[in-house]
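Reader: Could you take me through a close look at one part of this model? I would like to see how it sits among its neighbours, and what else is worth a look further out.
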Amino acid sequence: MSETPGFGDIIQTRVNLSNQQLGKREFGRSPIKLSGNPARYHAGDTVHQPFGSGETSTIFALGAAWAASVSGVGPQ
Amino acid sequence: MSNRGDGFGFVEPRQSKARLGPYPIKGEFGGSVPDSLYSSNQESAWNRWRRGYELATSDAAHTAFEYPFSYSIPIPSGIPQTGENAPFLAGVFKGFPTRNKELGMHWCGAVLAGSLRFDNLEDQNDVPLSIASVTESGQFWRVQLAGTYDAANPLPPPLYVRVPGPAPDLTPIVGDILEDRVIEVGGVPVTKDTINPNTGTRYGYTSAVLQEVEPFTGVLVLRKQGSVEATTDAVLITPAQRPPQVGRFFINGPKYSCSCQDFTRRQYYYVSTVLGKKKSPTFPMSKCATLKPGRYEAIANSAQQLDDRVMQSALEDRRLTIVAPSGYELPFTETRVPLDVGNIPSNTNRDFPGIFSDFGNIYKRGTELPEDPSIPGSRSEGMVTYADYDTIPPAAAGQPNQLIQLDDRWTPLLDEFRYCKHIYAMKYTDDLFPPEPSDFPTFSYNMNAWEQELVEQTQRDQKKAFENLTTYGLSYMDVPPFNCQSPMMMPMMTKLLNVPADFIAMRGFTMYDKNGNAYRPASGERPSNV
């Protein structure tokens, strides 16, 4: 990797539709046309989330949610 | 003469088609051993694997129904959130147009790899949880995490959550995939192509399912079966030939969930009249045998009123709870029972017609840990055993225990976690060719003819489903995340995000439109192109 990815960036994606694939999209016989390529996240991607020391990380938040739930505490 | 329907209003297919399946599993309390070739075919994972491939190829270019999202996990009351970056799970919803589904769409979801990182977990002495050592034990890798652990200082949540009282403790991420892809604290996860600058070769990594957690010794048990290795040649192979590497940190692998009746093990009632084309009168009903005795799910609005409608607004959160007779509540159930219901037996024992039928809830293969057969699911399933039942002490001395729950630990033929064809389709699209299940069905006729028909039928169905969608399709509130708190989607969401239902809030969703622009539905925002 030539550039360091930022927080929340995708570092690996397995979905790269060709121009031909994008152009062939259709809804049966519908005249509806599509545009754009929603490439933010695809299944199979890997996301980069390097929380720093002292930050509330995702895995911490997940654990805190479960720990709070079994004690009857809900979200803020 | 019309086809005869079952007790839930489902029309039975003609026998010639019934053999081909797959259809929702209908056995409820019949034990765990398939008793016929018919059930073997019907419940075949290979069947779903093959159909998933066909669906993926037929659906490859339909990215219009992909809804990328990031979900910020709400922080519990009393815990401050620190740092610049909110904790979130990245993922995507994908709709699969379906001819025989209400509103014409099944919703499948995936949470991406990388959101949960073990370099963000520490032991009691602030030691990050790297991989300290790995030993092999039969079909498992026993991974010792760095740190010091004992009964008073177990592995931190979410690896292990201690539950007050007699209820069993929790291990929320058991069953998830772990991958040893972080080389150093805060580092970028390696991909299959990442090259180690010190050696000039690729790092490679191993993905495996977390089978068991030993919280007081800091050991994770990973399953070799179904594992995937990215080799130094950038090739994915299964099962993995090398264990997770010492010194690295785990991240979560991809996680999937689907709203279809095959994955959720639920039937539903098809109410739509398809723009009035369907003339026959319908009345939803459900068989008692398919309902969990005495318990059902209920969704309530903020005023704690029962609200099982489809969602009407993205600006008001709703809550899922399980209503149970007094004394028979499940552990961890929310206390906020809808006022309309009350936790009284006369309500909780009633039928809940036409909503869902449900059975069983845990589907995993025996862990084959012969040294401790008392662990639930620790051996290959046979007939129903005493361990399948959950009881509470008797009301009075001398009386038998009271049965409160039956977990149908049921995996008759599988060698991996059971997916529906939609999830298999997503995995194919991910370029991660899923391992072929071993339960090849016993076809009643020519295999080639069956496959040819499958190809043609899938194409026909996809085309027709699109046409239907454009005729009577989805409203704005029928797509994620606007429908995520509907009765159909809420159980699927809890499995996908793996947080308590209480922590699934509309305000947590940030969506991305087709041009990559973010919008927050709970703030009234919409895609930029609407």
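What follows starts at one strand and works outwards from there.

Author: Happy to. Residues are counted from 1 along each chain as its sequence is written, with chains lettered from A and ligands numbered from 1 in the order in which they are written. The model is predicted, and local features need a pLDDT of at least 70, side-chain atom pairs count only at pLDDT 80 or more, and totals for chains, interfaces and linings use all residues.

Let us start at β7 of chain B, residues 205–214 (helices, H or I with at least four residues, and strands, E with at least two, are DSSP runs numbered from the N terminus). Eight of the 10 residues of this strand are buried, so β7(B) is mostly covered (buried means 20 or more other C-beta atoms within 10 Å of a residue's own, exposed means 12 or fewer, partly exposed is in between, and C-beta atoms are placed from the backbone). Strand β6(B) runs antiparallel to β7(B) and is joined to it by three bridges (two strands pair if DSSP finds at least two bridges between them). There, B:E179 has B:S207 of β7(B) as its bridge partner. With β8 (residues 219–230) of chain B, β7(B) shares eight bridges, again antiparallel, and B:L210 stands opposite B:L222 in β8(B). The two strands β7(B) and β8(B) form a hairpin with four residues between them, and B:G218 in that turn has a positive phi of about 75°. In a regular strand, side chains alternate between the two faces of the sheet.

Now follow the chain back from β6(B). The loop between β5 (140–145) and β6 (177–182) of chain B holds B:L170. With 22 other C-beta atoms within 10 Å, B:L170 is buried. Setting aside residues up to four places away in sequence, B:L170 touches A:W66, A:V70, B:V161 and B:V163 (a contact means that the C-beta atoms of two residues, placed from the backbone, lie within 7 Å). From B:V143, the same residue is 27 residues away in sequence and 19 Å away in space, C-alpha to C-alpha. The β5–β6 loop also holds B:P158, and the peptide bond from B:P157 to B:P158 is cis, with omega near 5°. Another cis peptide bond, from B:T238 to B:P239, has omega near -5°; B:P239 is found between β9 (236–237) and β10 (249–252) of chain B.

The touches of B:L170 on chain A bring us to the contact between the chains, which takes 58 residues from chain A and 68 residues from chain B. On the side of chain A that touches chain B, β1 (10–12), α1 (19–23), β2 (46–47) and α2 (58–70) each supply at least two residues. The largest share, 13 residues, comes from α2(A). By class, this side of chain A has 29 nonpolar, 22 polar and seven charged residues (Ala, Val, Leu, Ile, Met, Phe, Trp, Tyr, Cys and Pro count as nonpolar, Asp, Glu, Lys and Arg as charged, and the others, Gly among them, as polar). Chain A has two helices and two strands, in the order β-α-β-α from the N terminus. Of its 76 residues, 36% count as buried.

Elsewhere in chain B, an open sheet of six strands runs β11-β3-β2-β1-β16-β17, with antiparallel pairing. At its edges stand β11 (255–258) and β17 (518–519), each with a single partner strand, so one side of each has no neighbour in the sheet. Seven bridges join β2(B) to the antiparallel strand β3 (residues 105–111) of chain B, and B:F96 stands opposite B:H106 in β3(B). Strand β2 (88–97) and helix α3 (45–59) of chain B are among what covers the buried residues of α7(B), which are B:Q462, B:A465, B:F466, B:N468 and B:L469.

Two loop residues round off the tour. B:D126, between β3 and β4 (131–137) of chain B, has a positive phi of about 65° although it is not a glycine. With 8 other C-beta atoms within 10 Å, B:D126 is exposed. B:N498, between α8 and β16 (509–512) of chain B, is not a glycine either, yet its phi is positive at about 60°. B:N498 is buried, with 23 other C-beta atoms within 10 Å.
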